[in-house]
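Visitor: I would like a close look at one part of this model. Please take me through the salt bridges, and show me what lies around them.

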Amino acid sequence: MTGQQHLKPNRRQVLKGAGVIGGLVGLLLGGGILGWQAISDRPADSPSVVQPGQDPSLETLAGAAVSGGPGKDGIPSIDRPKFVPAQDADFLKDEEPVFGLEYRGEVWAYPQQVLVWHEIVNDTVAGEPLTVTYCPLTGTVIGFSSPPGMPELTFGTPGKLVNSNLLMYDRQTGSEWPQLLGTAISGPLKGQRLDTLPLVWSTWKEWRAAHPDTRVLSTDTGALRDYGSDPYGSYAPQSGYYVEGGPLFPVLAMNDRLPDKEVVIGVRAGEQRLAIDKDLVRKAKTVQATVGGREVVARWDDQLDTARVFQRVGDRWQPADFLDSMWFAWYAFYPNTQVRQ
């Protein structure tokens with residue numbers, strides 16, 4: 001086990017960052033594919049400021065924010081999303097990943113090929129405001145809404161990252177929120193936490209078969225992007241950043257218990273955190289655990305080829321607060337996490 005921090009990138013990292021930034025800018029302007037093999041190996045070690053077994057404070061996270069390349073709103077959110085019925089989503093291939101959402105009887109699919117260029121969709125689902133977010137660098141997709149008593153918020157990208165994870169800002173107060181954490185680390189809402197709604201990773205073929213009535217986020221976004229290409233690599237088949245090397249940007253802590261890009265199901269209950277190797281759920285079909293004094297169970301969904309997590313509330317099982325994440329990112333935010341592998 002190692003506990004490391006990389007608040008100040010060394011020259012090697014800066015050069016890597018410059019390569020990423022140049023590549024991303026080129027891609028945003030319609031350029032080609034990055035040479036990930038050359039730039040995605042693990043950053044060099046540097047002195048640690050996060051103690052093993054302790055999660056980083058909000059102040060530490062705020063101090064660890066770094067530029068991701070494109071400036072504020074350089075990666076544009078989708079603020080007026082348009083959807084098409086499944087039979088009209090001919091821009092999707094069967095094997096492509098989609099992020100599926102089921103909420104109050106409505107079913108929606110957010111294609112990864114669209115989200116990789118925008119990262120944030122300020123949407124309305126079942127008549128309620130909902131922001132769907134995706135960070136390609138950490139493989140995390142999360143739906144957010146404002147809890148009771150908090151103003152209705154919409155989000156954009158400030159052009160920064162924390163732990164190589166998308167940092168969002170809300171347009172109402174300017175507070176900044178790491179996507180994976182869902183808690184404001186700076187601004188008037190510092191310390192406030194958003195409500196979360198889990199989405200599941202699936203493929204277009206499987207999601208469409210299970211939900212033929214699904215609505216699909218369209219590529220008619222109002223922005224000019226090369227939808228169907230992915231600046232980071234590919235999920236079908238897997239290649240590039242998604243399987244090779246370590247994080248591209250500095251992280252506060254790292255751990256070699258699992259490979260950096262291994263996908264874990266992260267579970268949050270009370271003040272406790274649990275990471276379950278997704279392959280363990282795929283093989284075992286059911287994984288039970290206790291997190292924060294609550295019974296939770298991760299179940300494999302063969303139809304959608306994905307995992308879902310439920311928690312016991314009284315005599316009922318309800319969806320837990322869970323998400324897919326690359327191992328390095330989950331650990332960087334939650335080094336005190338329990339692990340099942």
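Guide: Here is a walk through the salt bridges, followed by one buried residue and one sheet.

This is a predicted model, where local features need pLDDT of at least 70, side-chain atom pairs count only at pLDDT 80 or more, and totals for chains, interfaces and linings use all residues. Residues are numbered from 1 along each chain as its sequence is written, and side-chain values use heavy atoms, with hydrogens and water left out.

Start with confidence. The pLDDT is the predictor's confidence in each residue, from 0 to 100. The protein chain averages 87, and 84% of the residues score at least 70. Over residues 1-47 the pLDDT is below 50. This stretch still has 88 contacts in the model beyond near neighbours in sequence; a contact means heavy atoms within 4.5 Å.

Now the salt bridges. The rule asks for a side-chain nitrogen of Lys or Arg within 4 Å of a carboxyl oxygen of Asp or Glu. By that rule the count is 15.

Take Lys160 and Glu176. Their side chains meet in a salt bridge, at 3.0 Å from N to O. Lys160 lies in strand β9 (residues 160-162) and Glu176 in strand β11 (residues 176-178), so the pair ties together parts that are 16 residues apart in sequence. Helices (H or I, at least four residues) and strands (E, at least two) are DSSP runs, numbered from the N terminus. How open are the two partners? Buried means under 20% relative accessible area, exposed over 50%, and partly exposed in between (1.4 Å probe, protein chains only). Lys160 is partly exposed at 29%. Glu176 is buried at 15%.

Move on to Arg282 and Asp279. This salt bridge spans 2.2 Å, N to O. The two residues sit 3 apart in helix α6 (residues 278-284), so about one helical turn separates them. Arg282 is partly exposed at 32%. Asp279 is partly exposed, with a relative accessible area of 32%.

Next comes Asp302 with Lys285. The closest N and O atoms of this salt bridge are 2.9 Å apart. The pair links distant parts of the chain, 17 residues apart. Asp302 is in the loop between β20 (294-301) and β21 (306-313). Lys285 is in the loop between α6 and β19 (286-291). Asp302 counts as exposed at 52%, while Lys285 is partly exposed at 36%.

Salt bridges can also join up. Asp73, Asp79 and Arg171 are linked in a network of them.

Turn to a buried spot. Pro111 is in strand β4 (residues 106-111). Its relative accessible area is 0%, so Pro111 is buried. Leaving out residues up to four places away in sequence, Pro111 touches Phe91, Leu92, Pro97, Val98, Val216 and Leu217. The C-alpha atoms of Pro111 and Val216 are separated by 7.5 Å, yet these residues are 105 apart along the chain.

Finish with a sheet. Strands of a sheet pair through backbone hydrogen bonds, either parallel or antiparallel. Here 4 strands form an open sheet in the order β23-β17-β18-β24, with mixed pairing. Two strands pair if DSSP finds at least two bridges between them. The edge strands, β23 (321-326) and β24 (338-340), each pair on one side only. Strand β17 (residues 263-269) runs antiparallel to β23, and 6 bridges join them. Val264, for one, has Ser325 in β23 as its bridge partner.
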